[in-house]
Each structure stands twice: as structure tokens, then as C-alpha cells.
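User: Could you take a close look at one part of this model with me, the strands and how they pair? I am in my first year, so please explain the terms as you go.

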Amino acid sequence: MNIKLKDICEHLDGELTGDGEIEITGVSGIMEAVPSQITFVADTKYLSAIATTQASAIIIRHGVSGNGKPTICVDNPYWSFVKVMELFISNSEQQTQRGIHETAIIGENVVLGEDVTIKAYTVIGDNVEIGDRTVIMPLVYVGSGSKIGSDGLVYSQVSIREDITIGDRVILHSGTVIGSDGFGFTPDPIQKRPYKIPQIGTVVIEDDVEIGANTTIDRATLSETVIKRGTKLDNLVQIAHNVVLGEDCCLAAQTGIAGSTVLGDRVNIAGQSGVIGHLKVGENTVIYSKSAVTKNIPPGSHLSGIPARPHKQELRSQATARKLPEVMKEISVLQKRVEELEAKLQDLEEES
């Protein structure tokens, strides 16, 4: 794909300096770029690379010099570069192989929207609905009664269990499992063993959600596990039964949310963190990496540690802990001095 620099500038509503007729064929980082590519500088530490980059054009902030190269000046270079990347995304595989592959297994009473793509060896159960322009990659399983909205993308080896509802523009990455049984067991009073509680609820995933590879979202015991609009989940995230994630949340890899916990809108959780069950985490909360949330959290909190507590408190505690070896040495020295003073005092008492 070739796009003239002036057209990219118009797309970004930026300010062009230099030859707008240059043909741009792709995007790259400033250190790796080659002629005919466009790059960007958002961080001041990369300003020196402007002089040496091989890129044919640079997206920069207003007031930054392009060192003689063609530039597009914008308020936010990083955001603008993302918008340019979207222009160059290659969907050639999806575009050239539209339609239903002959090896796909389609159940009864399946409703497909316009321009749906279902690729090789995918299994679609009975009474499934798939919206317009959604792409189902190879080796996907969609259980009976499930609904997938329009403009979705389901990568290979995703499992969507029965009676699941997925909204529009949802992306599910490889290995994701939606609607597996929640981890529900109760003691068998006779055999004294864990007895499985039937998990007969569902999962509802709203519009514009993206779910990373090998992430699992359990179906509710009776009602719904809900992932609300715009939320993004990283790889290897576990969402237990009856959990509700608010809008525009971001959960990083290896995060786990235990059963029946509710997260408010715009909660950000860093990697390897966990939230125990039946809690409420207020909106706009930030939970830092390797944290364990064990109680309800008010809106706007910043937490870290095990158990999680206000981030500044945790940082002070960590700083104190790092000083412990020195403090122990000082205590040892003081203890020896005290023992020496006590010995001298005892000698004086004996002499008197």
C-alpha cells in the first residue's frame, strides 16, 4: 500500500512541512525505519535520532525540528502514529479468503450476517448467530445458542461455549476460553468429598472488548459473568464466575479475579495481581503489579503489596525493609555498647 504524505497529514489533521507528494509504504520505529517509511518521535530522549533516521517522514510535536526531513506536526505524536499504523494494517488474508470454508461444520438454524468468514475446521453449533463481517479463524468452536456480533475477529483455537453472548467489534485471541464452568464445589455430607455445583449461567461480553491469548472467562453459576464495553484483558487472565468488570478496564497478564467480585469502570490492574471473591473495587482504581486485594476498595485508589494497601504506604514499607540489614548492624553495635556499659556500671558498683 502506498499513501502520499499529504494524505496522511490530512488524515491526522496535522501541519505538513516538506514534500507532501512523497509515497509512504509503511511505518517503523525511528531507529529501524528505512526510506519510504514514516516514523514518529514522542519522547525527548529520541530527538537526537531525527538526524540519523532513514525514514522518509517523521511525525513530531509542534516546535520540534525535523532536521530538514519532511514532517507532520501534531499535538500527540504517539496517538497520531497509532492512527497511521491503522492505515497500513494488512488484512490481505482475511480479504482474499472471505466466505465459508468447505471443511467448516455448521449446525442447524445458524444465522449468518453479511460477509461473514468462517475458516477451515471450525465448528459452529446449532442456533448460533454471527453478525456482519465477523471473521472466525480456523479451529474455533462456537457452542449452540451463542451469539457473536458484527465486525468481530475470533482467532484460531478459541472455544466459545454454549449460550454465550458477544457484542460488536470484539477480538478474541488464540486459546481463549469463554464460558467454561465456574469453580464451584460444595462438601458432600455423605461421601465427604467436593461435590460439583452445576454452572448454568452464562457470559456476556459487550462491544469493543479485546481478550488476550489463553485467557479464561468462567460462566456464572446462575446469572451472568459480564465484561462491559471497551474493557481489555491481556494474555493469561482468569475471570471467575459471576464477576462483573466495568467499562474500559485494563487487566494485565496473569491477573486473577475471584468469583462474584465487581470492578467499577476504568480499573487498571497490573500483572500477577489478584482480587479475592465477593469484593467491590471502585472506579478509576489502579492496582500495581504483584498485589493481592483482600477488601473492598473505594473509587480512585492506588494500591500495591500483599495484602494491598495505599501505594505510598507500601513504598515506604519497602524502603524501610531495604534498610533492615543496616539497621540490624546498628542494633548489634548498640547492643554491644550497652553490654559494655552495663559491665562497667557493675564494676563501679562492686568497687563502691
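Analyst: Happy to help; here is a walk through the strands, followed by a short look at cysteines and a surface patch.

This is a predicted model, so a few ground rules: local features need pLDDT of at least 70, side-chain atom pairs count only at pLDDT 80 or more, and totals for chains, interfaces and linings use all residues. Residues are numbered from 1 along each chain as its sequence is written, and side-chain values use heavy atoms, with hydrogens and water left out.

Let's start with the sheet. Strands of a sheet pair through backbone hydrogen bonds, either parallel or antiparallel. Here strands are DSSP runs of E with at least two residues, helices are runs of H or I with at least four, and both are numbered from the N terminus. Two strands count as paired if DSSP finds at least two bridges between them.

By that rule, ten strands form an open sheet with parallel pairing, in the order β8-β11-β14-β17-β20-β25-β28-β31-β34-β37. At its edges stand β8 (105–106) and β37 (292–293); each has a single partner strand, so one side of each is left without a neighbour in the sheet. Within this order, β25 (residues 216–218) and β28 (residues 238–239) are joined in the parallel sense by two bridges, and Ile217 faces Ile239 in β28.

Other strands pair too. Strand β23 (residues 202–205) runs parallel to β26 (residues 224–227) over four bridges, with Thr202 opposite Glu224 in β26. Strand β26 is also joined to β29 (residues 244–245), again in parallel, by two bridges. There, Ile227 has Leu245 of β29 as its bridge partner.

Now for the cysteines. Counting a disulfide as a pair of cysteine sulfur atoms within 2.5 Å, the model has zero disulfides. For Cys73, the nearest cysteine sulfur, that of Cys9, is 8.7 Å away. Cys249 is unbonded because its sulfur is 7.6 Å from the closest one, in Cys250, too far for a bond. Cys249 is also buried, at 0% relative accessibility (buried means under 20% relative accessible area, exposed over 50%, partly exposed in between, with a 1.4 Å probe and protein chains only). Cys73 is buried as well, at 10%.

Finally, look at helix α5 (residues 324–351), where Leu324 sits. Leu324 is partly exposed, with a relative accessible area of 43%.
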